[in-house]
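Here's a friendly walk through one protein model. Have the sequence and the 3D view handy as you read.

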Amino acid sequence: QVQLVESGGGFVQSGGSLRLSCAASGSIFSAYIMAWYRQAPGEQRELVARIFNSGVTKYADSVKGRFTISRDNAKNTVYLQMNSLKPEDTAVYYCHAATALTIEASRYWGQGTQVTVSS
């Protein structure tokens, strides 16, 4: 079992930057595949970025070159650095942890943090 708490969301103008943090507790953080998802009003939740235990990363095409996911296993924290933000990045951002990328894997969600980008 793992608990996830996001922070760092807020309001920013187009072109600005924000850094999201997700603090994990309750289990061995380094064993989890960590990810950030987002959900805009009326839209499905979508994968933004993922980081594996090895440090390998994967990004949605819409954020490549602008967002960077990283993890600090010593601090049980995963980050999402968001630069050159656009109004279409406006969404609730959720931290996600999984033991594997299989149907049987255990998966956990944070409560979400709102990011609003004005034009």
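Let's begin in a loop: Ser 84 has its place between strands E8 and E9. One thing to know up front is that this is a predicted model. Ser 84 has a positive phi of about 50°, although it is not a glycine. As for exposure, Ser 84 counts as partly exposed because its relative accessible area is 41%.

Asp 89 sits in that loop between E8 and E9 too. Is Asp 89 buried or exposed? At 0% relative accessibility, Asp 89 counts as buried. The side chain of Asp 89 reaches the backbone nitrogen of Lys 86, at 2.8 Å. If you skip the neighbours within four places in sequence, Asp 89 is in contact with Arg 38, Arg 66, Phe 67, Ser 84, Val 115 and Val 117. So our starting residue, Ser 84, turns up again in that list of contacts.

Another residue with a positive phi is Asn 76, where the value is near 55° and the residue is again something other than glycine. Asn 76 is found in the loop between E7 and E8. With a relative accessible area of 25%, Asn 76 is partly exposed.

**The core**

Now for the inside. The largest nonpolar core has 30 residues, and Leu 4, Met 34, Trp 36, Val 78, Leu 80, Met 82 and Tyr 93 touch the most other members. Which strands supply at least two residues each of this core? They are E3 (18–25), E4, E5 (46–51), E7 (67–72), E8 (77–82), E9 (91–98) and E11 (113–118).

Tyr 93 is a good one to click on. Leaving aside neighbours within four places in sequence, its contacts include Glu 6, Leu 20, Trp 36, Tyr 37, Val 48, Phe 67, Leu 80, Met 82 and Val 115. Tyr 93 also stands opposite Thr 113 in E11, and E9 and E11 pair in the antiparallel sense over 3 bridges. E11 is joined to strand E2 (residues 10–13) as well, by 4 bridges, and those two run parallel. There, Gln 13 stands opposite Ser 118 in E11.

Strand E9 also holds Val 92. In a regular strand, the side chains alternate between the two faces of the sheet. Val 92 is partly exposed, with a relative accessible area of 21%. Not counting residues within four places in sequence, Val 92 is in contact with Tyr 37, Arg 38, Gln 39, Gly 112, Thr 113 and Gln 114. The C-alpha atoms of Val 92 and Thr 77 are separated by 19 Å, though the two residues are 15 apart along the chain.

Over in strand E4 (residues 33–39) you'll find Ala 35. Ala 35 is buried, with a relative accessible area of 1%. Beyond residues up to four places away in sequence, Ala 35 touches Leu 47, Ala 49, Arg 50, Ile 69, Tyr 94, Cys 95 and His 96. Ala 35 and Tyr 59 are 24 residues apart in sequence, while their C-alpha atoms are 9.7 Å apart in space.

**Rings and charges**

How many aromatic pairs does the structure hold? There are 3. Two of them are listed here.

| Ring pair | Centre to centre | Angle between planes |
|---|---|---|
| Tyr 37 and Trp 109 | 4.9 Å | 65° |
| Tyr 94 and Trp 109 | 6.3 Å | 90° |

Tyr 37 and Trp 109 are edge-to-face. Because Tyr 37 lies in strand E4 and Trp 109 in strand E10 (residues 107–109), this pair ties together parts that are 72 residues apart in sequence. Tyr 94 and Trp 109 have their planes at 90°, so this pair is edge-to-face as well. Tyr 94 is in strand E9 and Trp 109 in strand E10, 15 residues apart, and the pair links distant parts of the chain. Put together, ring pairs link Tyr 37, Tyr 94 and Trp 109 into a cluster.

The cluster members vary in exposure. Tyr 37 counts as buried at 14% relative accessibility, and Tyr 94 is buried at 13%. Trp 109, at 39%, counts as partly exposed.

Charged residues join in here. Arg 45 lies over the face of Trp 109, at 4.5 Å from the ring centre. Elsewhere, the charged end of Arg 71 sits over the ring of Phe 29, 4.8 Å from its centre.

Definitions and conventions. Residues are numbered from 1 along each chain as its sequence is written. This is a predicted model: local features need pLDDT of at least 70, side-chain atom pairs count only at pLDDT 80 or more; totals for chains, interfaces and linings use all residues. Side-chain values use heavy atoms; hydrogens and water are left out. Buried means under 20% relative accessible area, exposed over 50%, partly exposed in between (1.4 Å probe, protein chains only). Contact means heavy atoms within 4.5 Å. A nonpolar core is a set of buried Ala, Val, Leu, Ile, Met, Phe, Trp, Tyr and Cys residues joined through side-chain atoms within 4.5 Å. Rings of Phe, Tyr and Trp (its six-membered ring) pair if their centres lie within 6.5 Å; planes under 30 degrees apart count as stacked, over 60 as edge-to-face and the rest as tilted. A charge sits over a ring if NZ of Lys or CZ of Arg is within 6 Å of the ring centre and within 35 degrees of the ring normal. Two strands pair if DSSP finds at least two bridges between them. A polar contact is a pair of N or O atoms within 3.5 Å; within protein, one must be able to donate a hydrogen and the other to accept it, and residues adjacent in sequence count only if both atoms are side-chain atoms.
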